[in-house]
Amino acid sequence: MSTSYRNRIQEFKAVLSEQNIHLQSLRQLCFSGIPCESGIRALCWKILLNYLPLDQTLWDSFLTKQRDVYAQFLREMIIQPGIAKANLGASREDVTLEDHPLNPNPDSRWNTYFKDNEVLLQIDKDVRRLYPDMAFFQRPTDFPCQLILDPQNEYETLRRRVEQTTLKAQTVNRNRSGVTNYWDKPAQVSQVSSPGKALNLYPSNEYEVLPNGCEAHWEVVERILFIYAKLNPGIAYVQGMNEIVGPIYFTFASDPNSQWKEHAEADTFFCFTNLMSENRDNFIKSLDDSQCGITFKMESVYSKLKEKDTELYMKLQEQNIKPQYFTFRWLTLLLSQEFLLPDVIRIWDSLFSDQDRFEFLIPVCCAMLILIRDQLLSGDFTVNMRLLQDYPISDVHTILAKAKELQDAL
């Protein structure tokens, strides 16, 4: 570790040791990258994502309250429905007089159960393939949720729901516009999944369920997304949310401080919820063409490019390469599909610390185009689309430096 890096860590520790953390100073430090040592990044993200209050004297009571709230969510949305499911149809009288699987009443417990299963199956499919280029999400967590895995409780967990459901996946796969068969739509795959990451790098046995009493990290992510969907029925779960929650959970679950690491699930849930409160308009199709929607943001990338590099902008226009062909994924998923996880996390250091975090994403995307301008200017439509769908530069520091230059330029 270099002297300059050690000094940088000390700068972070000094800012984080203040009783009332100075947010602007912390943002300035974080923008250039946050050290992962001593759990500094995880702590900074909790502050930057408006989870932890700036007054450290409030942390203990606040965290206790939030984690109790999350535990209550688990009881109400996973444990109690699981017990109810186990009891439904326990007797012939219950099935025929009170409720049954074919009951058309929208208030039917069975009806709610089946609708939840549609969402759960899509979440399950997506989280099982989360970051297939690394084994972390398939490994067991050091802190499985005892509330869920308590052997004294006999109820249907999410794991059992997925195993036992008889719904066919093609009837419940969801994308932004509703129910579709994800795997039968190559165009949709190219829109949401990076070609470099769409490969199945793990054999099927990597996804075998762990023994009782254990749970893999992807199961924790699945639970977070299911709870979020239940609490936010207006948006529920949309494909791609798994790519947003994944890096946050990875960062928190890798914290060397076990006192923080033990509560990675609850802390991730609230940070993800806060992030989605700022980013959710990108996932709501009815808002696509509004000023807060994804269409406006995609066009903003081209507007910025036209301002900074007219020649390249005209080239893409001549080839009819529309921004939605590639910037949809870049913007909606915060570039999480374009780079390896450590590089995504470094980009997010800057995004989270910028006061207008999603405004900074526009010059980042513009910088990505300008940095490959020579290839784009010499390529035809097919070559250029391949470049944009599978971005060739892996040095995110160069991209961020260029983006900052674009942002600061008058």
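**Helix packing and salt bridges in a predicted model**

The buried residues of helix α14 (buried meaning under 20% relative accessible area, exposed over 50% and partly exposed in between, with a 1.4 Å probe and protein chains only) are covered by elements that include α15 (310–318), α16 (327–332), α18 (357–370) and α21 (396–408). The structure is a predicted model, in which local features require pLDDT of at least 70 and side-chain atom pairs count only at pLDDT 80 or more, while totals for chains, interfaces and linings use all residues. Residues are numbered from 1 along each chain as its sequence is written, and side-chain values use heavy atoms, with hydrogens and water left out.

The protein contains 21 helices and two strands, defined as DSSP runs numbered from the N terminus (helices H or I, at least four residues; strands E, at least two). Of its 410 residues, 52% are buried. Contacts are defined by heavy atoms within 4.5 Å; among those in the protein with a separation of 6 or more, 74% involve residues 24 or more positions apart. The exposed area of the protein is about 19100 Å², of which carbon and sulfur atoms supply 50%; accessible areas come from the Shrake-Rupley method with a 1.4 Å probe, and for residues only the protein chains shown count as cover.

The average pLDDT, the predictor's confidence in each residue from 0 to 100, is 83 for the protein, and 77% of the residues score at least 70. Over residues 89–97 the pLDDT stays under 50, and the model has six contacts beyond four places in sequence for this stretch. Residues 166–206 also have a pLDDT below 50, with 84 contacts in the model beyond near neighbours in sequence. Where pLDDT is low, the predicted coordinates should not be read in detail.

Helix α14 (residues 294–308) has 15 residues and an expected span of 21 Å at 1.5 Å a residue, in agreement with the 21 Å between its end C-alpha atoms; the expected span is 1.5 Å times one less than the number of residues. Its buried residues are I294, M298, S300, V301, Y302, K304 and L305. For the 14 residues of helix α1 (residues 3–16), the expected span and the distance between the end C-alpha atoms are both 20 Å. Within α1, R8, I9, F12, V15 and L16 are buried. Viewed down the axis of α1, the buried residues fall within an arc of 125°, so they line one face of the helix; the arc is that of the directions from the helix axis to the C-beta atoms. The cover of these buried residues of α1 includes α2 (23–31) and α3 (40–48).

The structure holds 15 salt bridges, each defined by a side-chain nitrogen of Lys or Arg within 4 Å of a carboxyl oxygen of Asp or Glu. One of them joins K261 and D142, with the closest N and O atoms 2.9 Å apart. This pair links distant parts of the chain, 119 residues apart: K261 lies in helix α12 (residues 258–261), and D142 in the loop between α6 (109–128) and α7 (146–149). K261 is partly exposed, at 23% relative accessible area, whereas D142 is exposed, at 56%. A salt bridge between E338 and R329 has an N to O distance of 2.6 Å; E338 is buried at 9% relative accessible area, and R329 is buried at 3%. D374 and R373 form a salt bridge at 4.0 Å, N to O. Shared partners join D309, E311, R373 and D374 into one network of salt bridges. In this network, D374 is exposed at 58% relative accessibility, and R373 is partly exposed at 22%.
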